[in-house]
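Good morning, everyone, and thank you for making time for this. Please have a look at the sequence and the structure first, and then I will walk you through a few places in it.

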Amino acid sequence: MNPYPKSSQILENNRRYIPGGVVSTNRAANPEIVFVKGEGAYLWDAEGNRYIDYHAAFAPHFLGHNDPHVTEAVRRVLADGASLYGSGTTVLEGRLAELVCRHVPAIEAVQFLNTGSEASYQAIRLARAITGRDHIIVMQGGYNGWHNDVSCNLMTPLEQLGPRVSPGEYPYKPISAGVPLDHQRLVHPINFNDLASVEYVCQKYPVAALITEPILQNIGIVKPEAGYLEGLRKLADRFGFLLVFDEVKTGFRHGLAGYAGIAGVKPDLAVYGKAVANGYPIALLGGKKEWMDWTIHPEASKRVLIAGTYNAHPVPTAAAIATIERLLMNSGEVYRHVEALGTAMQNGLEALVTKLGIKAVVARQGSAFCLYFMDHCPSDWHDLASNHQFAIDEQMRRELIARQIYCFPLATKQCSISTAHTREDIETTLQHIAVVLEKVSAQ
Ligand SMILES: Cc1ncc(COP(=O)(O)O)c(C=O)c1O
């Protein structure tokens with residue numbers, strides 16, 4: 001019997017007008033549950049079931065759904081009569097820019113866009129303009145958005161990828177049809193944590209930029225090894241390419257200064273999205289002033305166009321200001337809270353897999369974690385794809401959803417704790433995971 005009849009009805013109706021019934025193809029999920037409400041750490045579906053949410057809409061809701069402080073700021077800005085004027089600057093965008101530049105050491109100057117994809121697109125365009133080069137390096141297993149330069153080589157099946165290559169590059173494997181072949185030859189996917197491959201590509205091609213998430217968080221939590229990010233910085237300086245950190249998932253979630261702040265490595269450019277406004281659509285591109293000033297370069301032929309009807313729309317801008325204010329309250333208390341919850345989750349999971357004799361490890365950074373069914377934390381996609389038991393991972397997620405613990409039902413997707421989660425939520429979750437893992441390990 002279908003446990004989600006109301007969801008099925010909504011989806012069936014939407015399929016008449018929207019191909020597949022869903023507006024972002026990445027959101028198509030099985031089981032096909034339609035959510036109708038989100039508050040704090042919880043989601044409610046159309047049937048009225050309440051879930052503890054670890055999906056967080058692919059990670060923006062670091063403060064939980066509909067955080068009262070952020071919601072109040074949005075209400076206020078609308079009540080004040082703010083609108084999208086579309087001419088000249090605004091007080092709000094100046095306030096947000098000042099906050100960002102004051103609290104993110106890697107960002108001396110900033111521009112606002114609507115989505116992470118727009119921000120990564122503009123970062124690459126800026127790097128090409130500044131260096132006068134066209135080639136870029138991306139990470140196999142990284143995700144930086146939907147546009148032609150980066151919509152490739154995410155969870156590429158090993159049959160398509162071939163054996164591990166190092167030093168060297170992987171073939172460009174688009175995750176979308178319609179990427180021109182001429183474009184594909186400019187993009188060089190390599191292993192994460194592999195400095196030798198960066199050097200290899202730089203010796204063969206004029207590289208404008210290397211773009212990477214400082215932690216690969218679209219295939220779980222794949223962390224940089226000691227010295228890797230520092231090594232990227234040195235290679236960028238040696239070969240003259242721009243180092244671009246994609247902090248769309250790491251930014252604000254692991255600290256206002258992003259993972260760059262934790263690692264102590266300064267990129268040339270950084271892009272943030274998602275948690276910037278706790279679920280409202282805004283992204284930012286920032287970095288060294290010298291580079292950002294190319295958007296107002298005195299020579300028209302060198303000037304990089306930054307444009308967008310909705311850039312710094314007052315609603316997400318007010319939401320972003322309120323989010324930063326909230327993150328700064330009580331000297332960053334929210335970060336201590338999620339670290340404690342993350343530690344409890346990690347300890348609980350590790351105790352469970354040890355007790356049940358399951359080959360699994362927990363990878364975690366603060367509030368973001370992933371359980372890998374392999375004997376070590378992966379260092380890159382090839383390692384992960386060669387060793388992780390994907391079927392068990394997916395089964396665990398489906399069983400948890402049936403128990404109203406919502407992790408996205410796709411293997412290796414990051415689980416996100418929010419500041420709205422409580423100790424009790426973590427305990428309840430661990431109790432359900434215990435039952436599910438016992439079932440999985442008995443098979
Ligand atoms: C690391 C990273 N960069 C960029 C993007 C693209 O952001 P958006 O979906 O807002 O365009 C995403 C989205 O998941 C992401 O995870």
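I will speak about the cores, then the ligand, and finally some unusual backbone spots.

Before that, a word of care: this is a predicted model, in which local features need pLDDT of at least 70 and side-chain atom pairs count only at pLDDT 80 or more, while totals for chains, interfaces and linings use all residues. Residues are numbered from 1 along each chain as its sequence is written, and side-chain values use heavy atoms, with hydrogens and water left out.

Let us begin with the inside. A nonpolar core here is a set of buried Ala, Val, Leu, Ile, Met, Phe, Trp, Tyr and Cys residues joined through side-chain atoms within 4.5 Å, where buried means under 20% relative accessible area, calculated with a 1.4 Å probe and the protein chains only. The largest such core has 38 residues, and those with the most contacts inside it are Ile137, Met139, Val198, Leu210, Phe241 and Tyr372. Its largest share, six residues, comes from helix 8, residues 228-239, a helix being a DSSP run of H or I with at least four residues, a strand a run of E with at least two, and both numbered from the N terminus. There is also a second, separate core of 36 residues, which includes Val110, Phe112, Ala312 and Val334.

Now to the ligand. Which residues are around it? They are Thr115, Gly116, Ser117, Tyr143, Asn144, Gly145, Glu213, Asn218, Asp246, Val248, Lys249 and Lys274, each having a heavy atom within 4 Å of the ligand. Looking at single atoms, a ligand oxygen lies 2.6 Å from an N or O atom in the side chain of Ser117, and a backbone N or O atom of Gly116 is 2.9 Å from a ligand oxygen. Taken alone, the ligand exposes 390 Å², of which the protein buries 84%, with these areas coming from the Shrake-Rupley method and a 1.4 Å probe.

Finally, the backbone. The peptide bond from Asn30 to Pro31 is cis, with omega near 10°, and Pro31 sits in the loop between helix 1 (5-15) and strand 1 (35-39). Asn153 is not a glycine, yet it has a positive phi of about 45°; is Asn153 buried or exposed? At 0% relative accessibility, Asn153 counts as buried. Phe252, also not a glycine, has a positive phi of about 70°, and at 1% relative accessibility Phe252 counts as buried too.

Definitions and conventions:
Buried means under 20% relative accessible area, exposed over 50%, partly exposed in between (1.4 Å probe, protein chains only). A polar contact is a pair of N or O atoms within 3.5 Å; within protein, one must be able to donate a hydrogen and the other to accept it, and residues adjacent in sequence count only if both atoms are side-chain atoms.
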